[in-house]
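Please look through the structure below before reading on. The paragraphs after it go from one helix to the whole chain and then to single residues.

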Amino acid sequence: MPENLPNVPELLRTAVRSLGGAERSHQLTMASAVAHSIDTGEHLAVQAGTGTGKSLAYLVPSVRHAVQTGKTVIVSTATIALQRQLVDRDLPRLADALEDSLGRRPHFAILKGRSNYLCLNKVHTGSAEEPPTDELFDAFAVSRLGREVQRLTEWSSDTETGDRDDLVPGVSDRAWRQVSVTARECLGKSQCPIGEDCFAERARTEASQVDVVVTNHALLAIDAITPVAIIPEHDVVIIDEAHELVDRVTNVATADLAASAISNAARRCAKLVEERDVDRLEAASESWAALLDELKPGPWEELPPGAAPALAAVRDAAWTLRTAVGPSRPGMALSDPEAAAARNTALASVEEVHDAAVRVLGAFDEPDPAKRRDVVWLAADENRGSVRRVVRMAPLSVGGLLRSQLFEESTVVLTSATLTVGGAFDGLAVNWGLPAESSAVIDPAMATGHEAPSDSGTLKWNSLDVGSPFDHARAGIIYIAKHLPSPGRDGLAPSYLDEIAELVEAAGGRTLGLFSSMRAAKAASEAMRDRLDTPILCQGDDATGTLVRAFAADESTSLFGTLSLWQGVDVPGASLSLVILDRIPFPRPDDPLLAARQRAIESRGGNGFLSVAANHAALLLAQGVGRLLRSGDDKGVVAVLDPRLATARYSGYLRASLPPFWETSDPEIVRKALERIRDSRP
């Protein structure tokens, strides 16, 4: 392994010069802090605003560490877009730039979960799943599915990666399931007749031999939850888009139990076991469906009457089927791969049903809801006019999991443009399982409650806000419409629509409207199309990428949609000078998981509303507001129509999470500012 490599500032200067960029003090500060974290083993949370160049700031010290020690560094992201940016642009260019300085070219690879790769065995054996029962009589759905599967079969002969994201245009989730397998369904490389050519195995092999592996938060969570190592051995993890970490890990750790899933598991076993065993699980499915139909959707504080015996029937019938199916005979996968694949699919289905039933039954063993591991609720999902009732289980907290499986195993650097809530890192840190920055109990007014229960105070971490290269006070205005009424539950009030029309007209289009719901986005779009002469695009009119490109290409166009969808939208320049948010994005008050987390914090003496609801809103607000300034020449206005951002008792906490724009509540000042920006455009 090479010694006496150039230090991180020297390597960063080399990289920046090679890429034709300019040195940035914020970037150097961050790169030095990341290098210090890797050297000392102390975790680091670093907030780096747009324009900092944070990708290069963490990649340079990561690559240096990997080359010098021969150990792999993991880089995890929340979005596919950032993964692609790292693998297709940032890392190749950085490898070229640093090859001479490091003595060799650094190597990198991307790694995803097994179900993201096409399964050649499933394609070649034709062991596709049957369509769900509710689609058996939908001729259009079956026809479309057939066309997509045929296209995937043809693609399997051309693709070099088998990676779903390389298929353009993409296909439906249902079609992809016909040619992919989960980890549970996989035969295993040694048992699969096409194991040597397996796309997923090739990706894992490549990832085990490189310096930097780019993956996603979901796979990071799966690696933490399952006993089998999925991600290559490593000693450093960089988590970009870290504000998404808790939600992504929670999603992976969430399970559900619906009658349709139980019935589908029984059908998959029908050709493998005796009919009476299948009928037993079908009967349990019908009993479960009947029970759920009688109950109101909402959280379960305890098992409702009849649930325990219904769940026990599902558990026992699923286990009986699992035992009857049994493991594959030695050599079966090679001699009869289709039968082996069907057996594995059936086993995976009944095991998931069994495990879900066991998890619901065990969720209420702890009498104190604040100390339970799981939150359980009944949901009513609408799909194509029908309602599917399903019981869901999600962890009350993922902090303990992250602490034991991530922070105690590796040096971790967490970064994002938005990591501070209420002006501090503690809100997210405690959710990650790290101790609060202060060893004392946090003032409940500051929202974080006590330290996470799993904390022993031994983990060391540092925080750093490197700031932003933008002069927010000179480049932008944050306008809070104090004169408007507080938002209600009946959609956008006429006064809100009037305000939107006046602002968009003053801006000459150039508006990104971020709304709390699709209903509000569509209502605003329809109203503005009637009132204004400039084009209005709305989420759902076309594919997201197509809409963003159309928005960026025409300065007079406005784009409306939900806040969550547009978090990653990057439109620098004259096409965007106004961002509108219709209301503070608090979570739904009837969200069972967030409500349970809120109550758990209150039971420990914390402020549950600020810890959960306000922190959730602060992060989304910061992400939405951050859409405005994307380059050094950008100017504009962020308009928040919800007056509570100025008048509510928690308003200061939320505003402390936002960039330091010049603030006003005067609509006339804002309209004139937008007109000046509009008229200054060439």
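How many residues does helix H23 have, and how far does H23 reach from its first C-alpha to its last? The model is a predicted one, and in it H23 covers residues 608-625. H23 has 18 residues and reaches 25 Å, close to the 26 Å expected at 1.5 Å a residue. H23 is nonetheless bent, by about 35° at Ala614. At the N-terminal end of H23, Asn607 acts as a cap, with a side-chain oxygen 3.3 Å from the backbone nitrogen of Phe609. Of the 18 residues of H23, 16 are buried, so this helix is largely enclosed by the rest of the structure.

The next step is the chain as a whole. The protein chain has 26 helices and 18 strands. Its radius of gyration is 27 Å, close to the 26 Å that the globule rule gives for 682 residues, so the chain is as compact as a globular protein of that length. Along the principal axes, the C-alpha atoms fill a box of roughly 75 × 65 × 55 Å. Buried residues account for 53% of the 682 residues. Of the contacts between residues at least 6 apart in sequence, 76% join residues at least 24 apart.

How far the model can be read depends on its confidence scores. The average pLDDT of the protein chain is 88, and 92% of the residues score at least 70. Over residues 133-138, however, the pLDDT is below 50, and this stretch has 9 contacts in the model beyond near neighbours in sequence. Residues 438-456 also stay under 50 in pLDDT, and for them the model has 38 contacts beyond four places in sequence. Where pLDDT is low, the predicted coordinates should not be read in detail.

Two further helices show what burial looks like locally. In helix H8, residues 199-207, the buried residues are Phe199, Ala200, Glu201, Ala203 and Ala207. Their cover includes strand S3 (108-110), helix H5 (120-125) and strand S4 (212-216). Helix H4, residues 80-102, holds Gln83. Gln83 has a relative accessible area of 3%, under the 20% cut-off, and therefore counts as buried. Beyond its neighbours within four places in sequence, Gln83 is in contact with Thr77, Ile110, Lys112, Val214, Thr215 and Asn216.

Is Arg474, in contrast, buried or exposed? Arg474 counts as exposed because its relative accessibility is 70%, and the cut-off for exposed is over 50%. Arg474 is in helix H18, residues 472-475. Its C-alpha atom is separated by 8.3 Å from that of Lys635, although the two residues are 161 apart along the chain.

Some details of the backbone remain, and they are found in loops. The peptide bond from Val168 to Pro169 is cis, with omega near -10°. Pro169 is in the loop between helix H6 (139-155) and helix H7 (173-177). Glu241 is not a glycine, yet it has a positive phi of about 50°. The loop that holds Glu241 runs between strand S5 (234-239) and helix H10 (245-252), and at 15% relative accessibility Glu241 counts as buried. Arg510, also not a glycine, has a positive phi of about 50°. Arg510 is in the loop between helix H19 (494-507) and strand S13 (511-515), and is buried with a relative accessible area of 7%.

How values were computed
Residues numbered from 1 in each chain as written. Predicted model: local features only at pLDDT ≥ 70, side-chain atom pairs only at ≥ 80, totals over all residues. Heavy atoms only, no water. Helix = DSSP H or I, 4+ residues; strand = E, 2+ residues; numbered from the N terminus. Expected span 1.5 Å × (residues − 1). Bend = angle between axes of the 7 residues up to and from the residue. Buried < 20%, exposed > 50% of the residue type's maximum accessible area, 1.4 Å probe, protein only. Polar contact = N/O pair within 3.5 Å; in protein donor to acceptor, adjacent residues only side chain to side chain. pLDDT = per-residue confidence, 0-100. Contact = heavy atoms within 4.5 Å. Rg over C-alpha atoms; globule rule 2.2 N^0.38 Å.
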